[in-house]
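Welcome to this short tour. Open your viewer, get comfortable with rotating the view, and follow the stops below.

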Amino acid sequence: MDKHLFHYKDSKSVMALIGLLTLGQAVVIIFQALYLSKAITRMFQGAALSAVLSSFLIFLVAHILRHFLQWGKERVAYRFADRTALSLQQMLVQKVFDLGPRSIGKHGSGNIITLVLEGIPQFKTYLELFIPRFMAMGIIPFVLVLYIFTVDRLSGIILAIVLPILVVFLILLGYAAQKQMDAQMDTYKLLSRHFVDSLRGLVTLKYLGRSKSHQKAIEVVSDKYRIATNRTLRVAFLSTFALDFFTSISIAIIAVELGVRLIGGHIGLEVALAILILAPEYFSPIRDLGNDYHATMDGKEAGEQIRGLLVEKTVDQKSLPSAPTWTENSRLIFRGIGKKSEEERDILQSINFTVAGYQKIGIVGTSGAGKSTLIDLLSGFTQPSTGMISIDGVDFNHLSVPNWQDQLTYIPQHPTIFSGTVAENIRFYEPNATREEVERAANMAGLNELIQSFPNGYDEKIGQAGRILSGGEEQRIALARSLLQNRSILLFDEPTAHLDIETEHEIKETLLPLLENKLVFFATHRLHWMKNMDLIIVVEDGQIVEMGTHEQLVRKSGAYDKLMQAHRKGMRG
């Protein structure tokens, strides 16, 4: 049994209610067997149909009541499973946002998508099936064997001995199935991550002419999952066969034992027939649990993964000081900031700088120098390992602070275009924005001509199952989103890295006027942006090696000048 079942809201009251319904069901099963055996016995003895009609009617009422109680159990379990799964889904989605993209990255985006889209329904199925089956296994056999003990002690002893053996057998099968399920889940996560990554990189693969050769990799990953699934199904089928076989043998032993004593006159036909009718009912709950156990293992495993993700350490937002509102007189100071990887490798070391008011800060360096990590620290997506951050004299260990993040807009290299209309994509972070505000933001981002070319204008479907946009058009959509938010801090992480020169020039002409009267951090390896920056931070091997304006750094003939020369050679090449 899952020890976490008792921790879910209302789980104890739900299990108590299902337990009461199951107890009533066990009593009804006994009445059903008694009156059926009574009717059959009396007809065997030559009684008229009218004489046994009342027994058949009681049997029919008991049969209907039994299935009504079963329906009630399933409804209670379904509603509890639905509420719990929905609550868990909401907590999981919130946790994903709390942890941030970099922390989630270590779990794999495919794995997170699988948990949210498929793991939650599987967990719901697990709760819906397991609780009624578990309660039935704990209550129905106990009630039935108590009754059988009162009418025939020998049959009660046989049943009491056989059931624990089947339970132990089920536990052993569970351990064997768990090993196979772990292997299947690992391959399933690999398949899901591979699928998501393949979708994301499909355009690149086609551009490089590698899309057809990539099908071999897909075939290998899919084959691994197929083999793991077949192994799991083999264990499931064998365990089901074994349970059916042993329960059938046990019922056969009861039948033979009753038959021998019936011939010898040591037991009456009515009692023997009632016990024989109850014997399959006695074993039925454990067979049902065994059969559904394999069907719900995916849900149990998904629940454990979700709980593991939910307990990951996040920042206690209530204990954090409030970040001041950024104004033209504000000051941000990084003092001795360092960041280590999970392998304790230094990504950033001794980062020190001060910015004030509305400035445009360029962050440059070679690939892997630490530019994106610095942007992540500024956005609060990740937290420093050492050092202190100060905003207007208020010290912070990190910037994962709600009212700091509420002031900033983050524009990544590859903005996400959601399945929906142009207007819905622009107002994604501001769902209550008016059409007039959306159109104003789109015009400022240079989208007016593009949107007018669409047959449906702002109601044109884009994203998945909609119109495909170019990289530059996607960046303009992201820019319009940020303008609609109208926040005072903008963070750009290589926003034009995948754009051609012409498109980047158009974006630059649109963007630069919009950066005025804001605090801007612009990480890029396209150095022509730096002439428009108020301050340039040069990062090399995780350290700041130079700071200053474009003119100052060129005159120094240092690291920035070397980057400029390498950039010019790359342009000529």
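Before you select anything, here is how helix angles are read: an axis is a line fitted to C-alpha atoms, for a helix over the stretch in contact, and angles run from 0 to 180 degrees between N-to-C directions. Keep in mind, too, that this is a predicted model.

**Stop 1: H12 and H13**

Select residues 501-511, which form helix H13, together with helix H12; the two pack at an angle of about 15°, with axes 10 Å apart. Angles under 35 degrees count as roughly parallel, so H12 and H13 are roughly parallel to each other. H12 passes H13 in a right-handed crossing. To see who does the touching, show Gly472, Gln475, Arg476 and Leu479 on the H12 side, and Thr503, Glu506, Ile507, Thr510 and Leu511 on the H13 side. This contact is a mixture: three of its residues are nonpolar, four polar and two charged.

**Stop 2: H10 and H12**

Now add residues 435-444, helix H10, and keep residues 471-485, helix H12, on display. Their axes come within 8 Å and cross at roughly 125°. H10 and H12 are therefore oblique to each other, and H10 passes H12 in a right-handed crossing. Show Glu437, Val438, Ala441, Ala442 and Met444 in H10, which meet Ala480, Leu483 and Leu484 in H12. What is the split into nonpolar, polar and charged residues here? In the contact of H10 with H12, seven are nonpolar, none is polar and one is charged.

**Stop 3: two loops**

Go to Glu494, in the loop between strand E9 (489-493) and H13. Its phi is near 50°, a positive value in a residue other than glycine. Is Glu494 buried or exposed? With 9% relative accessibility, Glu494 counts as buried.

Next, pick Asn517, in the loop between H13 and strand E10 (519-523). Asn517 is not a glycine either, and has a positive phi of about 60°. At 61% relative accessibility, Asn517 counts as exposed.

**Stop 4: helix H1**

Finally, select residues 11-44, helix H1. At 1.5 Å a residue, its 34 residues should span 50 Å, and the end C-alpha atoms are 48 Å apart, which agrees. H1 is followed by Gly46, with a positive phi near 100°.

Within H1, click on Ser37. Ser37 has 1% relative accessibility and so counts as buried. Which residues touch Ser37, leaving aside its neighbours within four places in sequence? Show Glu270, Leu273, Ala274 and Ile277 to see these contacts.

Methods:
Residues numbered from 1 in each chain as written. Predicted model: local features only at pLDDT ≥ 70, side-chain atom pairs only at ≥ 80, totals over all residues. Heavy atoms only, no water. Helix = DSSP H or I, 4+ residues; strand = E, 2+ residues; numbered from the N terminus. Parallel < 35°, antiparallel > 145°, perpendicular 65-115°, else oblique. Left-handed = near helix turned anticlockwise from the far one by under 90°. Contact = heavy atoms within 4.5 Å. Nonpolar A, V, L, I, M, F, W, Y, C, P; charged D, E, K, R; others polar. Expected span 1.5 Å × (residues − 1). Buried < 20%, exposed > 50% of the residue type's maximum accessible area, 1.4 Å probe, protein only.
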